[in-house]
Amino acid sequence: MAKTTAAITAVGKYLPEYILTNQELETMVDTNDEWITSRTGIKERRILKEENAGTSYMAIRAAEDLLKKGDINPEEIDLVIVATATPDMLVASTAVYTATKIGAINAFAYDLQAACSSFLYGMSTAASYIESGRYKKVLLIGADKMSSIIDYKDRATCIIFGDGAGAALFEPNHEGLGLQDEYLRSDGIGRDFLKINAGGSILPSSEETIKNRQHFVHQEGKTVFKFAVSKMADVSEKILERNNLTKDEVNWLVPHQANKRIIEATANRIGISNDKVMMNIHRYGNTTSATLGLLLADYEKELKKGDNLIFAAFGGGFTWGATYLKWAYNR
Ligand code: UT7
């Protein structure tokens, strides 16, 4: 019998309605559209404004979009993973609530956190369960409400991030399609450069931490930028090399959307032209765990069965990696 691979068989997305433009940011902090556009490529991002709505609000809607488009019965889903850096709350899993709300009553569920590499790592987890034969339908949702952890007085971070959710369903494939290879890395040296100082077990919340604005994302942008450029390009190059893929055989680069300049540097290193690079950072900013799922949903109509996709991501921790996947269906 042919080897079982793990293929993506359906995708879905959700974006909040509210659009935060560069022009509106100009009224909030000392910045301007020209700086944001030239340094990041971002023009606007979505912000979840609904009251009492957390990350699960978006994860549920992305999953429902996938179920509807793929005509999938949620009761057949075995596992729901929510990749997120902004869970609804600590301890009680966002994925568990999401699974129940979408009617995945026969599934178990858990959250996965690896900052901006959460979706990429989640692809590895989802694919492993399928390849092992243990489960048949694994739903991976990347979702983040970044606006809940961003300081809208800090111009170095508030211009970058946005909210959103993207989902992908993994199922067994016997035609050799789906995930082919991955090269995933991490290095704790990165912990000081991109983090939230308070609210975790080292520095629990207190009046002091709130007064000091320690519950917001803090990033040393320049350092993260340098690591991101070199590491994302390194792993992308490596995954091509070890799969004997030439640049012409790559149909799409699917890069984490943190900064247009990082994406272009990665594409240049492996010699991929702009028309083969998936990009939506100008519309959504950096949605952390949601970027790769959102790209797949936005570009789904253009993807063809057998297309070679190279995913690459870099994020806090540091965490990074690249994955080679063969697309499994025509829409
Ligand atoms: O997804 C997770 C991983 N994250 C990333 O990959 C993000 C990596 N980092 C970046 O994308 C970039 O470093 C940023 C977009 C965050 C910043 O761009 P940069 O080109 O590295 O700018 P910088 O931080 O070196 O700042 C350059 C100047 C500074 O002014 P001085 O010191 O030269 O006078 C900043 O104070 O730009 C200033 N600046 C701004 N000016 C206008 C910083 N933020 C802003 C702003 N508007 N929003």
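In this predicted model, Gly-41 adopts a positive phi of about 85° just after helix α2. The helix itself spans residues 33–40. Its buried residues are Asp-33, Ile-36 and Thr-40. These three cover an arc of only 80° around the axis, so they sit on the same side of α2. The spacing fits a general rule. An α-helix has 3.6 residues a turn, so residues three or four places apart point the same way. The cover over the buried residues of α2 includes α1 (22–26), β3 (44–47), α9 (260–270) and α10 (281–284).

Aromatic contacts were examined next. The structure contains eleven aromatic pairs. One of them is stacked: Phe-193 and Phe-318 lie 6.0 Å apart centre to centre, with 15° between the planes. This pair links distant parts of the chain, 125 residues apart. Phe-193 belongs to the loop between β8 (178–186) and β9 (194–196). Phe-318 belongs to the loop between β12 (308–315) and β13 (319–326). Phe-318 counts as buried because its relative accessibility is 1%, under the 20% cut-off. Ring pairs also join Phe-193, Phe-227, Phe-314, Phe-318 and Trp-320 into a cluster.

Trp-327 and Tyr-329 form a tilted pair, at 5.0 Å centre to centre and 40° between the planes. Trp-327 is buried, at 0% relative accessibility. Tyr-329 is buried too, with a relative accessible area of 13%.

Lysines also lie over aromatic faces. Lys-49 is placed over the face of Tyr-18, 4.5 Å from the ring centre. Lys-238 lies over the face of Tyr-183, at 4.9 Å from the ring centre.

Terms used:
Residues numbered from 1 in each chain as written. Predicted model: local features only at pLDDT ≥ 70, side-chain atom pairs only at ≥ 80, totals over all residues. Heavy atoms only, no water. Buried < 20%, exposed > 50% of the residue type's maximum accessible area, 1.4 Å probe, protein only. Helix = DSSP H or I, 4+ residues; strand = E, 2+ residues; numbered from the N terminus. Arc of directions from axis to C-beta. Contact = heavy atoms within 4.5 Å. Phe/Tyr/Trp six-rings, centres within 6.5 Å; stacked < 30°, edge-to-face > 60°. Lys NZ or Arg CZ within 6 Å of the ring centre and 35° of its normal.
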